[in-house]
Structure formats: structure tokens, C-alpha cells
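Visitor: I would like a close look at a single part of this model. Please take me through the charged pairs and what surrounds them.

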Amino acid sequence: MFGIVKETGVDNVGLMEFQRDYFPFPLYKDENLVFYNDFFGRRTLKLTTWNPIRLYRGYKEMSQRLKDKNLEGNMTGEGLVQGGIIVFGKDGKAKYAYEEETGSEVPVDDLLASLRAVQEEITRGNDDMQDE
């Protein structure tokens with residue numbers, strides 16, 4: 001497992017805290033956004049509504065979710081380029097992709113199902129190698 005970030009030098013303290021507290025795996029910098037552009041098509045944050053009441057309500061709901069999970073967000077960095085999660089199979093091909101939607105929770109059940117499917121693929125491959 002590894003992560004790819006689009007910027008460093010903006011909030012290195014926050015990035016180190018993220019890796020230490022939530023994602024203790026290697027992180028790589030995608031300096032020219034090649035990975036982001038190839039997988040997520042240069043997606044940027046877009047408003048889903050212009051209704052100020054809905055915007056405020058969405059912000060409050062997202063803030064409450066962060067608070068409930070004891071997470072802190074920040075407004076440091078570029079903030080418009082959206083990423084996501086990609087699960088690769090043993091063959092190196094993308095098996096599952098989730099495109100980030102600001103304010104929405106990650107579909108954890110879908111992500112876990114994809115990880116289990118890849119794990120089963122790896123286990124089957126190892127079993128096939130032992131049978132030979």
C-alpha cells in the first residue's frame with residue numbers, strides 16, 4: 001500500500017501527522033500531477049449547489065463528521081484538485097477506484113470488499129503456484 005500526494009512544502013507538518021496517525025505507509029509526491037491526471041482526469045472541486053443555505057448545511061455536516069471522528073481539517077494548501085482511492089490487483093491493473101467527493105464519506109464497505117477481492121486473487125495465485 002502506498003499514497004500519492006500532489007504537493008509538499010505547503011503543510012509538511014500536516015502531511016507528517018497524516019502519515020503518522022492515519023496512513024503509516026510510503027507517500028510519493030506526484031510533482032507534475034501525472035498520476036492524478038491519468039487516473040482522475042484533472043478533477044477539481046466543484047460546487048454542487050449555489051444555494052447558500054445548502055452550502056452552509058453541508059459544511060456544518062462535514063465539520064460534525066470530522067469532530068465525531070476526532071479529526072482536524074485544515075485550509076492549508078491548494079485544495080481544489082481532488083483525488084481518490086485506487087486499489088490495484090496482483091497484475092498491477094486498477095481493480096477499484098473511488099473519486100473523492102468533498103464532504104462525502106469514503107464508501108468503506110465498497111473499499112473493504114475490493115481489498116478482500118484482491119487478497120483472494122493473491123491467495124488463489126499463491127495456491128496455484130504451490131500446486132505446480
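Guide: Helices (at least four residues) and strands (at least two) are DSSP runs, numbered from the N terminus. With that in hand, the order along the sequence of this predicted model reads β-α-β-α-α-β-β-α. That makes 4 helices and 4 strands in the protein chain. The mean pLDDT is 81, and 84% of the residues reach 70 or more. Among the elements, strand 2 has the highest mean pLDDT, 88, and helix 2 the lowest, 79.

Now the charged pairs. Side chains of opposite charge can pair when their charged atoms come close. The protein chain has 5 salt bridges. One of them joins glutamate 105 to arginine 65, with the closest N and O atoms 3.7 Å apart. Glutamate 105 sits in the loop between strand 4 (94-99) and helix 4 (108-131), while arginine 65 belongs to helix 3, so this pair ties together parts that are 40 residues apart in sequence.

Glutamate 105 also forms a salt bridge with lysine 69, and here the closest N and O atoms are 2.6 Å apart. Lysine 69 lies in the loop between helix 3 and strand 3, so this second pair ties together parts that are 36 residues apart in sequence. Arg65, Lys69 and Glu105 are thus linked in a network of salt bridges.

How covered are these three residues? Glutamate 105 counts as partly exposed at 45% relative accessibility. Arginine 65 is partly exposed at 22%, and lysine 69 is partly exposed at 48%.

The loop between helix 3 (52-68) and strand 3 (84-88) also holds leucine 71. Leucine 71 is partly exposed, with a relative accessible area of 29%. Leaving aside neighbours within four places in sequence, leucine 71 is in contact with Tyr22 and Leu66.

Another salt bridge joins aspartate 21 to arginine 20, with the closest N and O atoms 2.8 Å apart. Aspartate 21 is partly exposed at 43% relative accessibility, whereas arginine 20 is exposed at 59%.

Aspartate 30 gives a contrasting case. This residue is buried yet has no salt bridge, and the nearest side chain of opposite charge, lysine 29, is 9.7 Å away. A salt bridge needs the nitrogen and oxygen within 4 Å, so lysine 29 does not qualify. Aspartate 30 is placed in the loop between strand 2 (27-29) and helix 2 (34-40). Its side chain reaches the backbone nitrogen of phenylalanine 35 at 2.8 Å. Setting aside neighbours within four places in sequence, the contacts of aspartate 30 are Ile4, Val5, Lys6, Phe35 and Tyr36.

Key: Residues are numbered from 1 along each chain as its sequence is written. This is a predicted model: local features need pLDDT of at least 70, side-chain atom pairs count only at pLDDT 80 or more; totals for chains, interfaces and linings use all residues. Side-chain values use heavy atoms; hydrogens and water are left out. Buried means under 20% relative accessible area, exposed over 50%, partly exposed in between (1.4 Å probe, protein chains only). Lys and Arg count as positive and Asp and Glu as negative; His and the chain ends are not counted. A polar contact is a pair of N or O atoms within 3.5 Å; within protein, one must be able to donate a hydrogen and the other to accept it, and residues adjacent in sequence count only if both atoms are side-chain atoms. Contact means heavy atoms within 4.5 Å. pLDDT is the predictor's confidence in each residue, from 0 to 100.
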